[in-house]
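I opened this notebook to record what I looked up in the structure, one topic to an entry. I begin with single residues and end with the places where chains touch.

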Amino acid sequence: MIRQFAEFWQSDFGWKFRHSPTAVLSFVVSVALVMAAIAAPLIAPTNPFDSASLNLMNGFSAPLQPNAFTGELFLLGTDDQGRDVFSTILYGLRVSLFVGVLAVLFGMVLGVTLGLIAGYVGGRVDGFIMRVADIQLTFPAILVAMLIFGIAKGIIAPQYRDQMAIWVLIIAIGLSDWVPFARVVRGATMVEKNRDYVQAARLIGRKPVAIMVLHILPNVLNPILIIATISLALAIIAEATLSFLGVGAPPTQPSLGTLIRIGQTFLFSGEWWILLFPAATLLALALSVNSLGDWLRDALNPRLK
Amino acid sequence: MTAFVTVSHLGRSFDVSKPWLNRVIERLPRRRLVAVSDVSFQIEEGAVYALVGESGSGKSTIGRMLAGLMTPSEGKVEVAGADLHADPAARKAARIQMIFQDPYASLNPRWRVRRIICEPVVVAGGATEGVAERLLEQVGLSAADADKFPHEFSGGQRQRICIARALAASPRLIICDEPTSALDVSVQAQVLNLMSDLRDDLGLTYMFISHDLTVVRHMADRIGVLYLGRLMEEATPDQLFERPRHPYTQMLLAAAPMMEGRSRDIDLPKGEVPDPISPPPGCAFNPRCPFAVDLCRQERPALRDVAGVRVACHRAEELAALSAG
Amino acid sequence: MTPPPVLSVRNLVVAIPSRSGTSRPVNDISFDIAPGEILGVVGESGAGKSMTGNAVIGLLDRPAHIASGEIWLNGRRIDALLPEDLRRIRGRQVGMVFQDPLTSLNPLLRIGDQLIETIREHLPMTAAAARDRAVAALEEVGIPAAAERLNSYPHEFSGGMRQRVVIALALCAEPSLVIADEPTTALDVSVQAQIIALLRRLCRDRGTAVMLVTHDMGVISEAADRVAVMYAGRLAELGPVRSVISQPRHPYADGLMGAMPSIAIGQRRLRQIPGAMPRPSAIPPGCAFAPRCPRAADTCRLDPAPSLADDPQGRAACWFPMEHSA
């Protein structure tokens, strides 16, 4: 592990990383936010979803000012129900990242599989898959996600809706972002399948699926990694948008988007912190992940070397 | 000697038409490129059969069809008596392997050498213990190289790894598609020597594809000269280089750079290889041939025996008499 | 009396600084090319032959740079010129022909426009005169119906014709030196012979000096008057082409000749040089060829690398050059 890290540090890639302030900063911010989300139950001062521990008297506490009734101090203030904003952000970050990461993974698996098949098999199969992709691209991703969300709402019985909401969200966002993966993987596959090592594998008697998975997939991973990082930022924003519109994460499991929706109702009554801090966290998360993706694209793209 | 590989009336064409919409709008016809046309030859077991030709001669396409990587449009390839493309079992039994031109593209860059070399054994379900080490030493590398990645090797060393991978499948026929064209002269000598040694030790049959006459002369037992997808002449190296029968072969030999050096006052070849999409009628070489007559422009000559050599030229006998007299 | 050389390179060193130290892909190279002479520069990949050509015309990619040495063109020192002055010299006094003709031609411009533009940039001429000259240049390189082909785009030519256009482009401003880097490598054998003959004829007729960079000994043997054999950034041998081929004095040149399969005699086994050429970043001290040399002695490994001057005949950079009984 240490040796591998040392190798990475000494490699050209590591050197580029060290010499890019953007990359280092966005990496540090991303990692810090992810760690905070993972460790939320440990570092959050309160559990905002444990209604027993909530005190309505603590409602609308301003940041770093003792509450007028209870005298308790909250780092980032509290919302109308007396929930600690810092804690809700940590838990909201958890939901946002969970949805974002799983949605991207889902979209990635789907897109990579379809892209590999389209690129390797070619012909009509390729034509069909890519036409579906083209059609999907003509709709905004949010619209696709809302459509899927709406259909799911009609299918799932009301009593399960809240607990299924997160999974529906993941599938909705995932289904709306497989296209970039499929396109890039298809293009790379069409290049790789004509290279001689793939021909050699065919001669040895490898089946097409084995060739795709063992030979081609490892060689198209770089662009997948880049798209996954950029998609993660987009997925987090998509999730926030859906939640803001009220079709995403339920109030019982609020994501950053839900928090922003709740907060915006108080913006003009002077309780700015309920909106500002979740929004700033979302901004920091999306921005750092996105810059990391941009940097990866530049660093790994051989054409720019 | 029995023929191990029999290629009969092999042909392959490619559709190079523009997309359907462009054809409709621009009123273009469908276009077909005939890469290989009516090629027949035999390879004896344990022999080195070489195909030589310039770009567009179809030599690589023939190689790929012989390897079973491409299906012929016409004709068939029989290996040890079984039709390679009709009978799936024949392909397995033939145990054909291939060595490619570009040593930088023929090894999976993400795999370690051990895994690359052992892949044929894994697919065949054999034991891989020590296989990579043994084969690496057989091709002149060291057993310790098994744990490295391809990018740690030079072009010549990569080509040795390719050979080791081919050997792991215990092949009977190895198709070598320009195996040394990407290599430097001194490295080429090492690889060619290795291939000769392996042939002697293992009784391999090679089909050797090259544009380089000197390499072909050095390696082959029998040489087929291709031009625009057609076999023009087939002979042993001595016959071919001492008394080329076909005017194209004669031109090729005259044009080849000679180490011995020679004033370049001899006739230079005329023109270039024509577009294979619209080859000239009759003999494909007629527009560049100094001896072409009307018959050559009308009728495609068949490959026939002339003085112990197979040659596709209407005027082969006349020309032989001319050069003798 | 010999005429003064067109190109004179003295102790040229090209250095590439990197994180792990400075490598010298071209190390202490000196040679002259006389008017009308073709000097072949031959070597295996990584020997520094293309780098030498690029250094002469000032086309080194950073961070590679000329670390020391002098380059004289027609009596003028050009290695320290400003990029603007160097650019004017390229094209006017130095023509270039590369391996892939498509990289030398702009795919979006008619070849006539490219020729006329090049001619007018370097010679004071009216458009009409430049046009006549372009037609003459195309005719000279053997392009049929030259006047009509002026309106064609590069992709409308075959590979061999394209390389002829590039040669016309390189020669249209009547340069005194042409640097041809692997000009025939991408071409078929029959076309290669045509292009070599064309290069030879044009240079004879005009007295142009040619630096012909290639890996192909056969091409050198056909085209060149003298040959410089490079190994690991240094000159191994420099001499008349016939002597170097038939009686090489440097063991590397000798090994190279032995490794070539011959068309005349089909021998069973090729002589091979053991090992591989060192990378520019890992060149051994002393003679770079010593680890692979059958004749190497302690001198070769310990003393500084030999130069051509260490050979009594001045041909091979070797402490123990090979003698051939005539």
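Entry 1, a buried glutamate in chain C. Before listing neighbours I fixed the term: I take two residues to be in contact when they have heavy atoms within 4.5 Å. I also note at the start that this is a predicted model. With that cut-off, and leaving aside neighbours within four places in sequence, I found C:E37 in contact with C:D32, C:T208, C:A209, C:V210, C:D225 and C:R226. I then asked where in chain C the residue C:E37 is found. I placed C:E37 in the loop between β2 (21–33) and β3 (38–42) of chain C. Is C:E37 buried or exposed? Its relative accessible area is 12%, and the cut-off for buried is under 20%, so C:E37 counts as buried. I also looked at what its side chain meets, and a polar atom of the side chain of C:E37 lies 2.9 Å from the backbone nitrogen of C:A34.

Entry 2, chain B as a whole. I counted twelve helices and twelve strands in chain B. The radius of gyration of chain B is 21 Å, close to the 20 Å that the globule rule gives for 325 residues, so I wrote chain B down as being as compact as a globular protein of that length. Along the principal axes, the C-alpha trace of chain B spans about 65 × 55 × 35 Å. I looked up burial next, and 56% of the 325 residues of chain B count as buried. Among the contacts in chain B with a separation of 6 or more, 65% are accounted for by residues 24 or more positions apart.

Entry 3, two loop residues of chain B. I turned to B:E178, which lies in the loop between β7 (173–177) and α7 (185–202) of chain B. B:E178 has 7% relative accessibility and therefore counts as buried. Which residues is B:E178 in contact with, leaving aside its neighbours within four places in sequence? I listed B:K59, B:F100, B:Q101, B:I209, B:S210 and B:H211.

I then looked up B:G229, which is found in the loop between β9 (222–227) and β10 (230–235) of chain B. At 0% relative accessibility, B:G229 counts as buried. Apart from neighbours within four places in sequence, B:G229 is in contact with B:A35, B:V36, B:S37, B:V39, B:G56, B:S57 and B:G58. I also noted B:T61, which is 168 residues from B:G229 in sequence, while their C-alpha atoms are 8.9 Å apart in space.

Entry 4, chain C against chain B. I recorded 43 residues from chain C and 40 residues from chain B in this contact. The two chains bury about 3,500 Å² between them, with 53% of it on carbon and sulfur atoms. C:V189, C:E222 and C:I263 supply 21% of the area that chain C buries against chain B, more than any other three residues. How many salt bridges are counted between chain C and chain B? The count is zero, whereas I noted 14 residue pairs in polar contact across this interface, both residues at pLDDT 80 or more. On the side of chain C that touches chain B, at least two residues each come from α7 (159–171), α8 (189–206), α9 (217–223), α10 (241–246) and α11 (251–259) of chain C. The largest share of that side, seven residues, comes from α8(C). By class, I wrote down 19 nonpolar, 15 polar and nine charged residues for the side of chain C that touches chain B.

Entry 5, chain A against chain B. Here 16 residues of chain A are in contact with 24 residues of chain B. I noted about 1,800 Å² buried between chain A and chain B, 54% of it on carbon and sulfur atoms. In chain A, the residues that lose the most area to chain B are A:D196, A:L203 and A:I204, together 38% of what that side buries. The count between chain A and chain B is two salt bridges. I looked up the salt bridge in which the side chains of A:D196 and B:R64 meet, at 3.6 Å from N to O. I also recorded nine residue pairs in polar contact across this interface, both residues at pLDDT 80 or more. The elements that give two or more residues to the side of chain A that touches chain B are α10 (196–204) and α11 (208–219) of chain A, and the largest share, eight residues, comes from α10(A). That side of chain A has seven nonpolar, five polar and four charged residues.

Key. Residues numbered from 1 in each chain as written. Chains lettered and ligands numbered in written order. Predicted model: local features only at pLDDT ≥ 70, side-chain atom pairs only at ≥ 80, totals over all residues. Heavy atoms only, no water. Buried area = accessible area lost by both parts, 1.4 Å probe. Salt bridge = Lys/Arg side-chain N within 4 Å of Asp/Glu carboxyl O. Polar contact = N/O pair within 3.5 Å; in protein donor to acceptor, adjacent residues only side chain to side chain. Helix = DSSP H or I, 4+ residues; strand = E, 2+ residues; numbered from the N terminus. Nonpolar A, V, L, I, M, F, W, Y, C, P; charged D, E, K, R; others polar. Rg over C-alpha atoms; globule rule 2.2 N^0.38 Å. Buried < 20%, exposed > 50% of the residue type's maximum accessible area, 1.4 Å probe, protein only.
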